[in-house]
Amino acid sequence: MNRMKECNRILAENLVESIRKDYEACGIAAAIIDSKGNTHYEKFWGSADLESEKELNGETIFGLASVTKSFTALAIMQMEEKGLVDLDAPISTYIPEFTNKNQKKVTIRHLMSHCGGFFPLPRILVGQVAESLGLKESEAGDFAYNDAIAAEGVRLVAERLDAQTEERGLNGEPGEYLSYCNDGFGLLSDIIRRHGGEPSYADYLVKHILRPLGMERSFCDFVRPAEDDNAATLYKKVDGVMKGHRDYHDNAFVLNGGGAMKSTLNDLKKYLFMYLNEGRALDGTRILNERGIREMCKPRQPYGAFGSYGYGLSMKQLDDLKVTEHGGSLPGVSSNIAWSYEADAAVIVLCNTSGVPVSLISNALLKAYNGKNPIEKRDVWQETEWSKETLEAAAGTYISGEGTEAELYIREDGRPGVREDGKEKLLIPVSPTSAIIRNKYSDLFIKLIHSQERGIYAVAYGSRLIPKCSD
């Protein structure tokens, strides 16, 4: 039920304007729907392109980035329903290039919940792989559908995951820790390519999810959005200056299942309607059985301070609402989808600028819809202290294969401090082995990861486990 009061709507929209200004966001599109398909709120800020000032609308194409992972998990659950895959079978059963030689059995379940045991690794990019194969998109066709690129991509991903060892590259046993892993979802998309009965992962999504839902302007293609007059220009900061382009290959992973989807506000309304109705489309078509949807939304791994992760989706508590969601971030892309069965509502927020905290906009709109003050209340933390032994063991540099660098150090007053990519941040210990990093709009939860054999060897930094550099 829509309980949005005018005062709360204004507060939520003021927050959007504040975030737009602070992050120099070009364009933002947002909507709220209910389980009957009614749109209760829709608004557009900014434009699809700064130079032309082209207006946004419900048909404007945005990148989705990691929101794609929900589509990948949905496809795997469809295949499980049909008996095409066993979620508890080793990944090596479906991808023999991954021999699983250096650790215990890694299963489909592990990869769908980011707990295969792998630290973040640098992206293997689709453009680089295509170039190594001597392929040009003008001749070979859109890379999203190219079998040779997918085959070489999965070989490279499987090879480097197989090279990880406890001494270098593994964060623990499969299922022990969540660490967000694009490589894992890349392998899942190749299982879909090989065993889903379609020529490619992209073809599978079109035939079994997008077309049945009526999502006609949604796809994994790289060329199509660049040629579409109603596709958003992608904006990111380069040397402190916001620059735009229409190259949807930018930082694109070679295997599509982690972040290749593009879509529109109107199409995503159909997608979220399906989740609100536990697998049923607007026209009554069954996309996935109810059990499959519930399995996707079941908490399986701790995620952040208080949340959980299921299969390609995360869960959290927002006031009195249980919320299921997923976000995405790529150059020129900030996206978030979320829904609550208690509120009977789903929220979509899309932006064509990098690094914009659109999940906070999603939170504000959902709270306002539910009749609550939309301004984010900071979690109440009991500040504590880290022991001298913990401080000394934790001090050091932690570097992610994706590029994040954090330095934990002992300040002059004897308390822990942190520098993130060289910038000083406020760190507040909240337990003997965890802390928050306070930012303007939200807090980042971190936790020291240790074992008797390895000591403190990593830090859970938001959704990633980042390894400590050896002395």
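**Group meeting: Thr-390, two cores and a hairpin**

I'll start with one contact: the side chains of Thr-390 and Ser-387 are joined by a polar contact of 2.9 Å. A polar contact here is a pair of N or O atoms within 3.5 Å; within protein, one must be able to donate a hydrogen and the other to accept it, and residues adjacent in sequence count only if both atoms are side-chain atoms. This is a predicted model, where local features need pLDDT of at least 70 and side-chain atom pairs count only at pLDDT 80 or more, while totals for chains, interfaces and linings use all residues. Residues are numbered from 1 along each chain as its sequence is written, and side-chain values use heavy atoms, with hydrogens and water left out.

Thr-390 sits in helix α14, residues 388-394 (helices are DSSP runs of H or I, at least four residues, strands runs of E, at least two, numbered from the N terminus). With a relative accessible area of 15%, Thr-390 is buried (under 20%, using a 1.4 Å probe and protein chains only). Leaving out residues up to four places away in sequence, Thr-390 touches Pro-432, Leu-448 and Ile-456 (heavy atoms within 4.5 Å).

Now the cores. The largest nonpolar core has 96 residues, and Phe-71, Leu-205 and Tyr-271 are among those with the most contacts inside it. Such a core is a set of buried Ala, Val, Leu, Ile, Met, Phe, Trp, Tyr and Cys residues joined through side-chain atoms within 4.5 Å. Another core, of 28 residues, lies apart from it and includes Val-347 and Tyr-441.

Last, the hairpin: strands β4 and β5 have two residues between them, and Asp-239 in the turn has a positive phi of about 55°.

Note on methods:
Two strands pair if DSSP finds at least two bridges between them. Buried means under 20% relative accessible area, exposed over 50%, partly exposed in between (1.4 Å probe, protein chains only).
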